[in-house]
Amino acid sequence: MDLPDFGIPPQLARRMSMAEQHEYLRTKLLRRRTLVTAAAVAGGALAGGALTGCSTSGTTASKPSASTLASSPASATTKVPGSVVAPFGRHLAFGADPKTQMRISWQVPAAVRRPYVRIGLRPDDLDRRIEAELRDLKTPEVAGVSAAVEQYYLHAALDGLRPGTTYYYGVGHDGFDPASPAHRPTIASLRTAPASPPERFVFTAFGDQGVGMHAADNDRALLRQNPAFHLHAGDICYANPTGKGKDSDAFQAGMWDVFLKQTESVAKSVPWMVTTGNHDMEAWYSPDGYGGQLARFSLPDSGFDPRTAPGVYAFTYGNVGVVALDANDVSYEIPANFGYTEGRQTKWLDRKLGELRADRSVDFVVVYFHHCAYSTSTHASDGGIRAEWVPLFAKHQVDLVINGHNHVYERTDAILNGEVGGPVPIGATTDPTRDGIVYVTAGGGGKDLYGFPKGVEENYEGHVTERESVDSFKWTRSREAKAERVQWSRVRYRGFSFLSVEAESGAKPRLKVSALTPSGERVDHFEVRRGG
């Protein structure tokens, strides 16, 4: 059946189930009706201030200047009654201090008046009301690239919370009160980090998720792990399927609506900590392509300007310090944003890792970002990561590095000075102070899978096929693929999966790392202990 002009582009429809196509069309039609009837668009900021980092200053005539975040008052009126505008796509994120700060974000299909969050210690007593800011994101029409779309994202900053406490919350606006009987089913919960390191907690991680059945399966599976938070190592939605960071890339802004609805079942209660991949550079919103990221997510301010580099931050939960990086800044393979921080991110990384190592309450440091320092799959290894960051990881004895980019699960032995510092067979224990660092590619989040070099077999729990070396390559600064024969590729699994990490504190702290399929099958596991 031919789709009408307002339908789904064929290249997008091929990657969506019938249910996802139905939801996409319903959302798109609703938005078009909204744009026709809306008299004004709300935007700007209340508590959070203006998003100065999202302007289009410095763009050329070829980059659409209409792509901005609006700054009109959030109290602007609209002809769409608030009672018919239902919030969706709720997702949490920690503030700089996960013990006392949480950020709640969501989306509405039309501009609303006076958005807010109700929060309390019981679902029937949401006595605290916190104003939210509305960020209006406009995607211009670009022939052959994107349709004109207007999207509305809301954000509330919750500060002064009690550590280790479960709160209940609802999101609303004039005409939609989450505490009313009709909307009580929309109430969700969140939990702050404990005041002192818990005996144990779990966090999960993957990259390269997108929209679809396998992505949703992974969401359901990781929720069963009851994680304290989730790390998303970039390539979040694939609204930009091209991923080159150019304004000629294909783009479908409406995919974000579908993605946020898909993810809401877990992200409304589990802090969803994202960083940026190459497919997250959306060139129509700002010179660096991160205007869309800034509109949709509120992430910790950790001393590196979140208005210009939203995927760069750090936080501490229990005895684990976590650092998120934007690998687009140093990637040799995809150079659209190469060097955009002028070295400031790398200097910040050195300082932040030093601070975490000096913190006696932190047993382990985990770093995550998109492009791979060590992988043998389709994109292989990025020489820029190795040149800029791997020496700092070694200097500060980082305990675990998590990447995406390659749509497989691959795990290295412990790497020290670019070589195997210590073998880490499935089920083994490694000591970063002695052996070096294990690098995990957790790119099986839901997007179409990749493979491994020709003739190289998978090697995972229950299917062990030992191999001394693998022929691969790394990207050089001249964007050439330089062949290399590597001995560090220990576990290889071509299937959808996610990482589950159990952190234990006490006299003998450890990280118990497992790779799980959506069905719960374990394909890899190992432990990290320091100084043991």
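## A walk through the predicted chain

Among the contacts in this chain that join residues at least 6 apart in sequence, 73% are between residues at least 24 apart. The model in front of the reader is a predicted one, and the chain it shows contains eight helices together with 27 strands. Of its 532 residues, 60% are buried, while the accessible surface of the chain amounts to about 20,200 Å², with 49% of that area belonging to carbon and sulfur atoms.

A useful place to begin a closer look is the open sheet of seven strands, whose order is 12-13-14-16-21-17-24 and whose pairing is mixed. Strand 12, covering residues 313-317, and strand 24, covering 489-493, stand at the edges of this sheet, and because each has a single partner strand, one side of each is left without a neighbour in the sheet. Taken on average and with direction ignored, neighbouring strands of the sheet are turned by 15 degrees against each other. In general, the strands of a sheet pair through backbone hydrogen bonds, and they may do so either parallel or antiparallel. At the edge formed by strand 24, the pairing is with strand 17 (residues 409-412), and these two strands run antiparallel, joined by four bridges. Within this pairing, Thr412 has Ser489 of strand 24 as its bridge partner. Helix 6 packs on the sheet, where it touches strand 12, strand 13 (320-324) and strand 14 (364-368), and the direction of the helix makes about 175 degrees with that of strand 13.

Helix 6, which spans residues 344-358, also holds both members of a charged pair, Lys352 and Glu355, placed three residues apart, or about one turn of the helix. These two residues form a salt bridge in which the closest N and O atoms are 3.1 Å apart. Lys352 counts as buried, because its relative accessibility of 16% falls under the 20% cut-off, whereas Glu355, at 41% relative accessibility, counts as partly exposed. Elsewhere, salt bridges that share partners join Glu504, Arg510, Lys512, Glu527 and Arg529 into one network.

The structure holds 25 salt bridges, and two further examples can be followed residue by residue. One lies within helix 3 (residues 213-223), where Arg220 and Asp217 sit three residues apart, about one turn of the helix, and where their side chains meet in a salt bridge with an N to O distance of 2.4 Å. Arg220 is partly exposed, with a relative accessible area of 46%, and Asp217 is also partly exposed, with a relative accessible area of 23%.

The other example is the salt bridge between Arg103 and Asp159, whose closest N and O atoms are 2.9 Å apart. This pair links distant parts of the chain, since Arg103 belongs to strand 2 (residues 102-108) and Asp159 to the loop between strand 6 (149-158) and strand 7 (166-172), with 56 residues separating the two. Arg103 has a relative accessible area of 15% and is buried, while Asp159, with a relative accessible area of 34%, is partly exposed.

Conventions
Residues numbered from 1 in each chain as written. Predicted model: local features only at pLDDT ≥ 70, side-chain atom pairs only at ≥ 80, totals over all residues. Heavy atoms only, no water. Buried < 20%, exposed > 50% of the residue type's maximum accessible area, 1.4 Å probe, protein only. Contact = heavy atoms within 4.5 Å. Areas by Shrake-Rupley, 256 points an atom, 1.4 Å probe, with all protein chains shown as cover. Salt bridge = Lys/Arg side-chain N within 4 Å of Asp/Glu carboxyl O. Pairing = 2+ DSSP bridges. Axes fitted to C-alpha atoms, helices over the stretch in contact; angles between N-to-C directions.
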